[in-house]
Amino acid sequence: IYTIWKNEVSARYGLNNQQNTGLIKTDDEIRLASSFGYRKDTLSNWYFSSQFNFRTQFTDGFQEPDDEDPISRFFAPAYVHLGIGTQYNLKEKLLSLYMSPLTLKSTYVFDDKLSNEGAFGVQPGERSRHELGILLRTKWEKEIFKNVAMVNDLELYTDYINKFGNIDIEWILNFQFKINKVFQASFRSHLIYDDDIKYKETNDNGEVVTLGPRIQLKQQLGLGIIYNF
């Protein structure tokens, strides 16, 4: 086989109802990914490759459950990566490494209030921001023990013009534990660092102060039902 074409669509949405805080959103993501690769012969694991990735969310996000003004919305932000490069693919080991020296990263904020605030790195009043940089992505899927599977997905990006060497990070580490033929447990860790996303907090005077970027970390433990068809 001289070509590979892989498409992925995933959607995540979670709610949690607590006595003190009420109903809060715990997970919200829409993700689309498509990659195409071509190699000259079947002896090599290296492919000339191009990739497209899109990510946004379903509903409004709030810094605190009682807040009225959202800090994120549908398509605010939305992220698009489009690039060309090379991919090392070991199909039998479910391991891939993608390196792109030319990747366009676009950030879209289709909300007037968030756009006017200059949220997610766009200039105040603008609805989009475009960067050109280097993207490195690796994904490894492996059964590390019997009935225990791991998916390790790491993405690193740096822009050529704006703060070159300042690396944006997205790292998803997922473990799945097969309990029996019906039930399956999972543990998921999701880490994001983006220099364009600034942390905001309310000071003692009730004013919203914009601080520097922070590491965002989310961990989830779940129990689900397996259905094969």
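By the distance rule applied here, the protein holds 19 salt bridges, a salt bridge being a side-chain nitrogen of Lys or Arg within 4 Å of a carboxyl oxygen of Asp or Glu. The structure is a predicted model, in which local features need pLDDT of at least 70 and side-chain atom pairs count only at pLDDT 80 or more, while totals for chains, interfaces and linings use all residues. Residues are numbered from 1 along each chain as its sequence is written, and side-chain values use heavy atoms, with hydrogens and water left out.

## Overall architecture

The secondary structure consists of one helix and 12 strands. Helices (H or I, at least four residues) and strands (E, at least two) are DSSP runs, numbered from the N terminus. Read from the N terminus, the order of elements is β-β-β-β-β-α-β-β-β-β-β-β-β. Along the principal axes, the C-alpha atoms fill a box of roughly 65 × 50 × 25 Å.

Of the 229 residues in the protein, 32% are buried. Buried means under 20% relative accessible area, exposed means over 50%, and partly exposed lies in between (1.4 Å probe, protein chains only). The protein exposes about 14,700 Å², and carbon and sulfur atoms supply 57% of that area. Such accessible areas come from the Shrake-Rupley method with a 1.4 Å probe; for residues, only the protein chains shown count as cover. Among contacts with a separation of 6 or more, 52% join residues 24 or more positions apart, where contact means heavy atoms within 4.5 Å.

## Strand pairing

Two strands pair if DSSP finds at least two bridges between them. Strands E1 (residues 3–18) and E2 (residues 22–38) run antiparallel and are joined by 16 bridges. Within this pair, Lys6 stands opposite Ser35 of E2, and a hairpin of three residues connects E1 to E2.

Strand E3 (residues 46–56) pairs with E4 in the antiparallel sense over 10 bridges; here Ser50 has Ile84 in E4 as its bridge partner. E4 is also joined to E5, again antiparallel, by 12 bridges. The hairpin between E4 and E5 has four residues between the strands, and Leu94 in the turn has a positive phi of about 55 degrees.

## Salt bridges in detail

The table lists three of the salt bridges.

| Pair | N to O distance |
|---|---|
| Asp111 and Arg73 | 3.1 Å |
| Lys113 and Glu117 | 2.6 Å |
| Asp196 and Arg129 | 3.6 Å |

Asp196 lies in the loop between strand E9 (183–193) and strand E10 (198–202), and Arg129 in strand E6, so this pair ties together parts that are 67 residues apart in sequence. Asp196 counts as buried because its relative accessibility is 13%, and Arg129 is likewise buried, with a relative accessible area of 17%.

The salt bridge between Asp111 and Arg73 also links distant parts of the chain: Asp111 is in the loop between E5 and helix H1 (112–116), Arg73 is in the loop between E3 and E4, and 38 residues separate them. Asp111 is buried at 12% relative accessibility, whereas Arg73 is partly exposed at 32%. In the remaining pair of the table, Lys113 is partly exposed with a relative accessible area of 41%, and Glu117 is partly exposed with 37%. In addition, Glu29, Arg31, Arg55 and Glu170 are linked in a network of salt bridges.

## Aromatic pairs

The count of aromatic pairs comes to seven. Rings of Phe, Tyr and Trp (its six-membered ring) pair if their centres lie within 6.5 Å; planes under 30 degrees apart count as stacked, over 60 as edge-to-face and the rest as tilted. Phe74 and Phe75 form an edge-to-face pair, 5.4 Å centre to centre with 70 degrees between the planes. Phe74 is partly exposed at 45% relative accessibility, and Phe75 is partly exposed at 23%. Both residues belong to one aromatic cluster, formed by Phe54, Phe74, Phe75, Tyr108 and Phe110.

## A nonpolar surface patch

A nonpolar patch of about 1,100 Å² on the surface includes Leu82, Ile84, Leu104 and Ile134. Patches are made of residues with over 30% relative accessible area and no salt bridge: like charges are joined within 9 Å, nonpolar side chains (Val, Leu, Ile, Met, Phe, Trp, Tyr) within 5 Å. Strands E4 (78–90), E5 (95–108) and E6 (128–145) each give two or more residues to the patch. Leu82 is found in E4 and stands opposite Leu104 in E5. Leu82 counts as partly exposed because its relative accessibility is 48%.
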